[in-house]
Amino acid sequence: MQIGTWHTSWHERVSYGLSDAADNLVFQLMTTYLLFFYTDVYGLKAADVALMFIVARIADTLESPLVGIMIDKTHSRYGKSRPFFLWYAVPYVVFAVLTFVIPPATYDIKLLWAYGTYLGLGFFYSTVNLPVTSVLPTLSDNPKELTLLGVIRQFFGSSVQLVVAVFTLPLVSFFGGQDQARGFFLTILLFGAISLFLILNTFFQIRERFSQPELAHKPLRTIFKAARKNHPWLVLTAIIILFWLVTAIKNQTTIYYFKYGLNNEGLVAWANSFTFTSLIGVLAIISLANRFGHKKTMQIGLILAITGQVVLAVGVYGHQLGLLLTAIAINGIGQGMVVGLISIMIADTIRYGATFGVQAEGVFSSASDLGVNLGLGLGGLITAGLFDLSGYVANHAQNTATLAMINVNYVWIPLVIYAAMMALLHFYNEAAMDRVLLRR
């Protein structure tokens, strides 16, 4: 394999990175606060929210591959992935805003509205987020440049995650005062406007350059046959799903832990500010990946995430706030390394997939989007379902079983998932993949 020499300009690098920032303005709000919004602000029962998340996840199993196929079947002067930023930016933002609208209607009508807006948002999220991953291997033919682009993308994405995690509740309070419904609506309106601008900016500033036309539009049967042979991609897909599952569970449980476990909802923004360390993890990828490779670097990230989770357990059950915040910081470094490597390693598997005669950026990149959607929804399902079983009642002092369940969601379930990710990563055969690529 000949190592390419193409380097993108910094203007294009930043524009590409900001695409993930745009998506995360809405995604992070959904991941961290949508379950809370539905139960404590919108007024839905936890059991109904759990069922809605089940339905949404069933839809996601079809939507993500569908959008991937749409990309691979696209013939456009702009390329395969790039035009999706133009075509779907407006619908995505519209549904994001509508998701946080509370109609003045009966409970059943409100529930139907939640279903329609949430399912629509999930689909349109796929149409603007999946192309962020699928376009990456077409921007350069240089593996180190692709790693840099992936790091820049995640740096901006993680920065926005931090902004949303820290400033959402203060913005809700600023815009709405005691009226959280108004506060959430005006906050998503602000985030949506910024997101729309950044997505369209990505469309205008990036270019698809490196594609193999003879491999780019293969029949679906050929694509799926190649996908089954692409063992690194299959392993990575499972890891991605677990990563977003643990992220969703931890993020969604945070506000419940501080509101009901510590009786101090005001600490949420302060605690979330310690996740800034994820940026350290993202930036560390460049030097560590050049030295150890992508797989070992992700293993280092998982070790740090697990270490942070163990320290978190000590902080939670020992009632030591300082230790808890330290744990969040340690875990954040590991999380940043893992999430920063996801799109980079998917690009590796896309390049590897070309050795089977296909260049299916859309279908292979759908693993990332499917992981996001399944993780987000299953995380909400698990959290809402377990809370409902334990007797959770919104905006009331919780019973002992619910308080214990909050701790289980915040500490133990994430720890088990991290361990499962580490076990799966063992089967990601990066060395064999590199040998095949070097022979090309």
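Mentor: A salt bridge is a side-chain nitrogen of Lys or Arg within 4 Å of a carboxyl oxygen of Asp or Glu. Please bear in mind that this model is predicted.

Trainee: How many salt bridges does a search of the whole structure find?

Mentor: The search returns five salt bridges. One of them joins the side chains of arginine 13 and glutamate 145, with an N to O distance of 2.9 Å. Arginine 13 belongs to helix α1 (residues 10–42) and glutamate 145 to helix α6, so this pair ties together parts that lie 132 residues apart in sequence.

Trainee: Are arginine 13 and glutamate 145 buried or exposed?

Mentor: The term buried applies under 20% relative accessible area. Arginine 13 has 8% relative accessibility and therefore counts as buried; glutamate 145, at 1%, is likewise buried.

Trainee: Which other side chains meet in a salt bridge?

Mentor: Aspartate 20 and arginine 153 do so, at 3.4 Å from N to O. This pair also links distant parts of the chain, since aspartate 20 is in helix α1 and arginine 153 is in helix α6, 133 residues apart. Both aspartate 20 and arginine 153 are buried. A further salt bridge joins lysine 80 to aspartate 72 at 3.2 Å, N to O, and these two residues are buried as well.

Trainee: With what is glutamine 154 in contact, leaving aside its neighbours within four places in sequence?

Mentor: Glutamine 154 sits in helix α6 (residues 143–176). Its contacts, with those neighbours set aside, are Asp20, Gln161, Val282, Val339 and Gly340. Its relative accessibility is 4%, so glutamine 154 counts as buried.

Trainee: How should leucine 288 be read in the same manner?

Mentor: Leucine 288 is placed in helix α12 (residues 278–292). A relative accessibility of 21% makes leucine 288 partly exposed, because the buried class ends at 20%. Beyond its neighbours within four places in sequence, leucine 288 is in contact with Gly293, Thr297 and Met337. The C-alpha atoms of leucine 288 and methionine 298 are 9.5 Å apart, with the two positions 10 residues apart along the chain.

Trainee: What should helix α7 span, and how far apart are its end C-alpha atoms?

Mentor: The general idea is to multiply 1.5 Å by one less than the number of residues. Helix α7 (residues 180–205) has 26 residues and should therefore span 38 Å; its end C-alpha atoms are separated by 37 Å, which agrees. At the N-terminal end of α7, aspartate 179 acts as a cap, with a side-chain oxygen 3.3 Å from the backbone nitrogen of alanine 181.

Trainee: Which residues form a nonpolar patch on the surface?

Mentor: An α-helix has 3.6 residues a turn, so residues three or four places apart point the same way. The patch consists of Leu51, Ile54, Val55 and Ile58, which together have about 320 Å² of accessible area. Isoleucine 54 lies in helix α2 (residues 46–72). With a relative accessible area of 34%, isoleucine 54 is partly exposed.

Trainee: Where is phi positive in a residue other than glycine?

Mentor: Asparagine 263 has such a phi, near 55 degrees. Asparagine 263 occupies the loop between α10 (231–261) and α11 (267–273), and is exposed, with a relative accessible area of 64%. Histidine 319 also has a positive phi near 55 degrees. Histidine 319 is in the loop between α13 (294–317) and α14 (321–353). Its relative accessible area is 69%, so histidine 319 is exposed.

Technical notes. Residues are numbered from 1 along each chain as its sequence is written. This is a predicted model: local features need pLDDT of at least 70, side-chain atom pairs count only at pLDDT 80 or more; totals for chains, interfaces and linings use all residues. Side-chain values use heavy atoms; hydrogens and water are left out. Helices (H or I, at least four residues) and strands (E, at least two) are DSSP runs, numbered from the N terminus. A polar contact is a pair of N or O atoms within 3.5 Å; within protein, one must be able to donate a hydrogen and the other to accept it, and residues adjacent in sequence count only if both atoms are side-chain atoms. Buried means under 20% relative accessible area, exposed over 50%, partly exposed in between (1.4 Å probe, protein chains only). Contact means heavy atoms within 4.5 Å. Patches are made of residues with over 30% relative accessible area and no salt bridge: like charges are joined within 9 Å, nonpolar side chains (Val, Leu, Ile, Met, Phe, Trp, Tyr) within 5 Å. Accessible areas come from the Shrake-Rupley method with a 1.4 Å probe; for residues, only the protein chains shown count as cover.
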